[in-house]
Each structure stands twice: as structure tokens, then as C-alpha cells.
Amino acid sequence: MRKTSSIYTTQFWLLCVSNFLFSASFQMMIPELPDYLKGMGGKEYIGYIIALFTLTAGAARPFSGKLTDTVGRVPIMAIGSIVCFICSGIYPFVHTVFGFLLLRFFHGFSTGTKPTATSAYVADIIPEDRRGEAQGMLGIFTATGMSLGPTIGSYLVGWTSIDFMFFTSSAFALFSILILLNMKETLPKEQKQPFSLKLLKIGWADVFEPRVFPAFLVMLTVSFSSGVVLTLIPDQTKLVGLTNKGIFFTIYTISSLVVRLFFAKSSDKYGRIPILMISSAIMIVSMIMCAFADSVWLFVLASILFGFSWGFNTPTLMAWTVDLSHEDYRGRAIATTYIALEAGIGIGALVAGYLYKGVVENIAIPYYFAGFLSFVSLVYLWVISRESVKLNSLEN
């Protein structure tokens, strides 16, 4: 597909709407899952809710990256939505801790496939000098889905039942599939191959794209905070006196939308590294505030700053990944950065669950750890920015 001077094409808007439905689908159940698992007698496994999901998402990335570069962008996007559709509809029929955790394991394949192909599709149809803006605009729809999803999920559980919420989640995923049926494939014909089992043979080169290591490392360190937040916030919401367990997610996503709306072009204009340094600094402050959040106002302020950080982080890191990648291996490069995302979230969730263990006095410790890793990201970005300045001065 030929790139145009405008990002506002029919294909782009279809992609945005599909992403909205997909993200709302898997996100709407997040605030309710801890209590759902506790009701089965699995209180000690709360950290696994996110960890298992992200484990399989990360494991799927090398396959989705390779298939995105060979079979096509649209089929891989569809596979992700189909997995989400099926798994969401199965939750009401699972009533054991083992069955629940197994389902979370398989559900993770959905986010391990669709976002990889989606980012590659965007890179195909967007001019190079507008990648940051495009990722920001796409992120607005994704973030809106992630914002409304938890609130919708908690509302549906209070209004009807958790089973109805699961079925609604499944319906959202189904609609995201139907939209994809009208998408035009963008993978060049000379690269396309019919699917075969040999394409599932993965080597190290399919797992990690070394060109995008800087983006990989930054994503890994900052995404740890998301795993901590996803694990602890449902309980912390009740501790500060709020009833809707999705409110933190809604607030931080709205704040990330504000960033994407007004600063979508910032990394295209000022550079990827400066914007990432700003977002890492904001993340540090957010994690410290989460650790001290014993009142509603501090809790809300922490969620706003968390949203600001991710509003800058996500589109900038994906645009930086495409900048660093080779055009023929764009899917692999994007998958590599997403592996860092899933690994960071999964490890963060496991560490948070292990350190917290339902004990209120321990809830601040994972946040301090997350803040420290964001500081590591900030230092790394400062070092490579200094090296870049020295290199440019030598060349001139």
C-alpha cells in the first residue's frame, strides 16, 4: 500500500476502531479478576493474573513477528482478536483456580499477536516523518478502550453479574474481528508466503532484533511499573475508600489521552530520547506517589502522572523501534519491543504479588522497586544521548 501525506485514511480509522474494541475487551475484566480468583480460593495467586497473561503474550511475539513479515499483517491481527473472543467467552464456565490460571495463560496469546501486526500495519501506511503522530493517534483509541473497559466491566458486574461482563468482553472482541474483514493487506506481495508449519520454526534471530536494543531496554524497565499497578491497584482502590476498582485505570488513561492529543508530534519534533527521558522522570514521581497514596487526592494525582508517562512512552517507543529497524524485518523489530513490554509487566506482576501477599504494610515496596527501574531507564537514556551528542560533534 502506497504511503500518503495524510494519516487520516479509511484504513487507519478502521484500525483505530478495531484497536479500541480489542483493548476494551481484555481490559474490562482486569479490576474484577482479583476478587474473582479470591472467591475460588486462590488469593495467593493474584500476581499470576497478569504474569501468566503476559508470559504467553511475550512467548507469542517471535511467532507473530515472523508471521507478520511473511503471512501478512491482517491475518495475524485477526488471530489475536479471535483468541480474545474465545477465551473471554470461556471464563463463566471455569470454576477452579487451576482452570482459571490456565485460561489466563491462553488468553495472553491475544495481545501477543494483534498489537505486533497492528504496529507493522501502521508503519506501512504512515510517512516516516509522522510515525510518532500516527502511533499517538492510534494510541488514543487503544487508551480509550483501556480507559472505558475497566469502568464498563465494574459497572456490568454491579448491574448484572460477572458472567455477563465476560460475555460482553467476548462480544467486543468479535466486533474487532468483523472490522478487520474490511482491511486491505499492506505486506508487499514479494514478501508474502502461504502459511505452513515451517514458518513456526523459530530461531534466535526471530526472537530478538538487535537493532532495536535501546528501545527494548527502555520498554523493559518502565513497563515493570505497569505490572505492579495492574496487580496492586484493585486492592489499593478499596484502601483509599473508592468503590469502583476501575477508576485508577480510567483516570490514568484519560490523562494519557490528553498527552497523545496535544503532544502527539512531540517526539517527531524534539526527538525520541528527550521525550522518553521526560516520561521516565514522570514515572519515577508517579511510583513514589503510589507508594504514599493513603488518600483519594494523592491516589488520583498518582494515576494522572502515570497516564502522562505512558502517554509519552508508548507511541515514542514504538516510533523509535521502527526508526531503528530494517524495513524487511519490521514485524520482528516490533515484536522484540513488545516482548520487553510483556516481560516487564509479567515480572512486575510477579514481584508485586510476591512482595505484597495481601499485607497492607507491604504495598509500598513494589512501587519503590518500579521507581528505581524507571530511574535506571532515565540514566541509560541520558548516557546514550550524551554519546549521540559526542558522535555528532565528531562528524561535524
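## A nonpolar patch on the surface

Ile82, Phe85, Ile86, Ile90, Leu174, Phe175, Leu178 and Leu181 make a nonpolar surface patch of about 680 Å². The model that shows this patch is a predicted one. Two helices, H4 (73-90) and H8 (162-180), each supply at least two residues of the patch. H4 gives the largest share, with four residues.

Take Leu174 as one of the patch members. Leu174 sits in helix H8. Its relative accessible area is 32%. Leu174 therefore counts as partly exposed, since that class lies between the buried limit of 20% and the exposed limit of 50%. Leu174 can also belong to a patch, because patch residues need over 30% relative accessible area.

## Two helices that cross

How is a pair of packed helices described? The angle between the axes and the distance between the axes are used. For helix H3 (residues 48-68) and helix H6 (residues 114-125), the angle is about 35° and the axes lie 9 Å apart. The crossing of H3 and H6 is right-handed.

Which residues make the contact between H3 and H6? On the H3 side they are Arg61, Ser64, Gly65 and Thr68. On the H6 side they are Pro115, Thr116, Ala117 and Ala120.

## A buried bridge across the chain

Arg61 has a second role to note. Besides its place in the H3 contact with H6, Arg61 forms a salt bridge with Glu342. The closest N and O atoms of this pair are 2.6 Å apart. The bridge links distant parts of the chain. Glu342 is in helix H15 (residues 330-356), Arg61 is in helix H3, and 281 residues separate them. Are these two residues buried or exposed? Both Glu342 and Arg61 are buried.

## Other salt bridges

How many salt bridges does a search of the whole structure find? The count is eleven. One of them pairs Lys38 with Asp35, at 3.8 Å from N to O. Both residues belong to helix H2 (residues 33-39). They are three residues apart, about one turn of the helix. Lys38 is partly exposed, with a relative accessible area of 27%. Asp35 is partly exposed too, at 30%.

A further bridge joins the side chains of Glu209 and Arg211, at 2.9 Å from N to O. Glu209 has 2% relative accessibility, so it counts as buried. Its partner Arg211 has 41%, so Arg211 counts as partly exposed. Elsewhere, salt bridges that share partners join Asp35, Lys38, Asp235 and Lys238 into one network.

## Around Leu220

Leu220 is found in helix H10 (residues 213-239). Is Leu220 buried or partly exposed? Leu220 is partly exposed, because its relative accessible area of 26% is above the buried limit of 20%. That value is not over 30%, so Leu220 does not meet the accessibility cut-off for patch residues.

Leaving out residues up to four places away in sequence, Leu220 touches Ala340, Ala343 and Gly344. Those contacts lead back to helix H15, which spans residues 330-356 and holds Glu342. Leu220 and Ser374 are 154 residues apart in sequence. In space, their C-alpha atoms are 9.5 Å apart.

Note on methods
Residues are numbered from 1 along each chain as its sequence is written. This is a predicted model: local features need pLDDT of at least 70, side-chain atom pairs count only at pLDDT 80 or more; totals for chains, interfaces and linings use all residues. Side-chain values use heavy atoms; hydrogens and water are left out. Patches are made of residues with over 30% relative accessible area and no salt bridge: like charges are joined within 9 Å, nonpolar side chains (Val, Leu, Ile, Met, Phe, Trp, Tyr) within 5 Å. Accessible areas come from the Shrake-Rupley method with a 1.4 Å probe; for residues, only the protein chains shown count as cover. A salt bridge is a side-chain nitrogen of Lys or Arg within 4 Å of a carboxyl oxygen of Asp or Glu. Buried means under 20% relative accessible area, exposed over 50%, partly exposed in between (1.4 Å probe, protein chains only). Axes are lines fitted to C-alpha atoms, for helices over the stretch in contact, and angles run from 0 to 180 degrees between N-to-C directions. A crossing is left-handed if the near helix is turned anticlockwise from the far one by less than a right angle, and right-handed if clockwise. Contact means heavy atoms within 4.5 Å.
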